[in-house]
Amino acid sequence: MSGAAPATSLTLVQAVRDGLAGELARDDDVVILGEDVAANGGVFRATDGLLDEFGPDRVVDTPLAESGIVGASVGMAAYGLRPVPEIQFSGFLYPGFDQLVSHAARLRTRSRGAVTAPVTLRAPYGGGIRAPEHHSESKEAFYAHEPGLTVVVPSTPRDAKGLLASAVRSPDPVVFLEPKRIYRAFREDVPDEAYTVPIGEATVRREGADVSVITYGAMTQPALDAAEALADDGVDTEVVDLRTLAPLDRETLVASFEKTGRAVVVHEAPRTAGVGAEVVAALQEAALLYQEAPVERVTGYDVPVPLYALEQFYLPNALRVREAVERVVSYR
Amino acid sequence: MDRSARESLLDRDPDDPVRVLDDDGAVVGTVPDLSDSRLVELYRDLRLARRFDARAVSLQRQGRMGTYPPMAGQEGAQVGSAYALADRDWVFPSYREHAVSHVHGVALADILRYWMGDERGSAHGANVFPVAVPIATQIPHAVGFGWAAALAGDDVVTVAHFGDGATSEGDFHEALNFAGVFDTPTVFCCHNNQWAISVPRERQTASATLAGKASAYGFTGVQVDGMDPLAVYRVVAAAVERARTADGAPRPTLVESLEYRFGAHTTADDPTVYRDEAEVERWRERDPIPRLEAFLRDTGRLDDERVAAVETEVEATVADAVEAAEETRRAPPTAMFDHVYAEAPSELTAQRAALAALYERVGEEGFE
């Protein structure tokens, strides 16, 4: 997005709001529904002002009922709308989980394509904001494990807007997880006009020759910080941001790994059966002969996310990434 | 309370709220049979709750505590309902029932510890279930717990507390249905504080009342003036009696307590975005504390001297709780691995050892 295209410096949550406004304006079938999304403008202000701009039929405060929100979205989508339900925090999604996995994910296949559910379910997720219990979970693996669902996690404002547009226009249900820790962490110039960033494509955030750090969402920044610190020690680190967790962009991962032969996978979700395990398997399956060292995972631990007094010891940070990279590059 | 009195209190139109005091504290109903000292204690606990709440909000504002859900305005319903329980009964709170929990045995310092991000705040040992932050999820627990107690022949009543928004969740309906089918000794205490964050009660359900929802499950629903602690006490006491073994046929009851939260949903919320200040002012005129105080003064149970003593006592109690909570040494980082399973699997033990070694090597600053 270079050149003279008008752009505005936005935070990630502002870019989400901008993306939603753009999609509401572009397509009359787009409708937002959820708890506190209209009059209140969303608890994180992700839908701020949209009620005034688009009216109460398109930006809707619902009763407090996640199964109702997701299930009604499935019905609306089947009728032809493009619902963009918001679940206030991903930790409160579970009453709607049944609707998501039992119906949204499989209507297409079950009806041989006759009935579909193009729903974009947005939810803030992840830790790092000293929030109360159930406000800090990273359960993206639940959704990535469900055939029929697409799972997207943006890590920059520009990607957030473009990926959200792709999600809303996708013919299939998308779980769009927004890392709330970086909702307001930094700004980026975001094009004012509508654009899309393709789903299913990872991106290389930093090029390097010695080792690949593969990550996504709020962990991208600590990975980049670690890479800068490692550069001082002469380690040239590549950082790959997955952006879409399902379907996984194996091509980009494997290309990076074939170049470096060493990898560290980073996510804040618990380790066991996490997305990192899938990444490691993808590398093993496609590029075993390029491998120079065991692939390490830097993740949250296999414990319920601790309340915030101990949260900083749970979340991976640049130091843990850096030490893992050092072990991997020194492996002989 | 005898059976006919209980029936006349509970089995009324669902839109006919029980009242004992009017907005000025004048008696308009039957004053419950509580001793003079118990009534003054009730007043003290309201004042304690109000002071605790203000202090907790202030701790959050000063960065000494995380997000906190205030209860100002709702103390009358919380304390009044808790006074109706026997020690052996169990409370199943949502996240706002600090005063219910405290009256039923949870130390104020433990409540603060939980909101300061410390799991040990939930290890209080009182007959109060751990706080449920998701909406309505604790209601089926209250049903199952009471059901199990009844199966064991134990005389235990369970009380589930939840808000108006919770009545939209499936768990609310499933729990009430179970209670009706299995005759569980459960009181459902719905604190209708008029707002589920930004969504007003009228947009939560098209039902005329929340109390009326009980009829779909085959038991009684009753409204009470939730800003009137004596009315709440009477109604919940009658519901507890009916849940216990009264008349040999224990039955659940849904109590819709009509209340108002004076403040924000949580310290992370700004209610001026969605509600009218004039509405807040109207409800403030029904504040439970001056109402009960007026009644107690008018009936000679309270005077300036006693009120001053209560103020001093409450101030000291809250100060001690804050000090105790803040003096608590933070748990070691590896405490996150404690109690995940009864017996830790080897993978978890290995992760714990890795964190312990890292912490030993890099210290606190390694995690900043």
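Which side chain of opposite charge is nearest to B:Asp53, and how far away is B:Asp53 from it? Keep that in mind while opening the model, which is a predicted one.

**Stop 1: B:Asp53**

Select B:Asp53 in helix 2 of chain B, the helix that covers residues 36-61. The nearest side chain of opposite charge belongs to B:Arg50, at 6.2 Å. B:Asp53 is buried and has no salt bridge. With a cut-off of 4 Å for a salt bridge, the distance to B:Arg50 does not qualify.

Now show B:Met71. The side chain of B:Asp53 reaches the backbone nitrogen of this residue at 2.9 Å. Next, display the surroundings of B:Asp53, leaving out neighbours within four places in sequence. The residues in contact with B:Asp53 are then B:Tyr68, B:Pro69, B:Pro70, B:Met71, B:Ala72 and B:His98.

**Stop 2: B:Arg286**

Stay in chain B and select B:Arg286. This residue sits in the loop that runs between helix 10 (277-284) and helix 11 (288-298). Add B:Glu259 to the selection: the two are 27 residues apart in sequence, and their C-alpha atoms are 9.3 Å apart in space. Again without neighbours within four places in sequence, B:Arg286 has contacts with B:Asp23, B:Asp225, B:Met227 and B:Arg291.

**Stop 3: aromatic pairs**

Turn to the rings. Over all chains, a search of the whole structure finds 27 aromatic pairs. One of them is formed by A:Tyr94 and A:Phe142, with ring centres 6.1 Å apart and planes at 65 degrees, so this pair is edge-to-face. Where do the two residues lie in chain A? A:Tyr94 is in the loop between strand 4 (82-86) and helix 4 (97-104), while A:Phe142 is in helix 6 (residues 140-144), so the pair ties together parts that are 48 residues apart in sequence. A:Tyr94 is partly exposed at 32% relative accessibility, and A:Phe142 is partly exposed at 38%.

Next, select B:Tyr359 and B:Phe367. Their rings form a tilted pair, 6.1 Å from centre to centre and with 40 degrees between the planes. Is each ring's residue buried or partly exposed? B:Tyr359 is partly exposed, with a relative accessible area of 26%, whereas B:Phe367 is buried at 4%.

**Stop 4: a ring cluster**

Finish in chain A by selecting A:Phe44, A:Phe89, A:Phe92 and A:Tyr183. Ring pairs link these four residues into a cluster.

Notes. Residues numbered from 1 in each chain as written. Chains lettered and ligands numbered in written order. Predicted model: local features only at pLDDT ≥ 70, side-chain atom pairs only at ≥ 80, totals over all residues. Heavy atoms only, no water. Phe/Tyr/Trp six-rings, centres within 6.5 Å; stacked < 30°, edge-to-face > 60°. Helix = DSSP H or I, 4+ residues; strand = E, 2+ residues; numbered from the N terminus. Buried < 20%, exposed > 50% of the residue type's maximum accessible area, 1.4 Å probe, protein only. Lys, Arg positive; Asp, Glu negative; His and termini not counted. Polar contact = N/O pair within 3.5 Å; in protein donor to acceptor, adjacent residues only side chain to side chain. Contact = heavy atoms within 4.5 Å.
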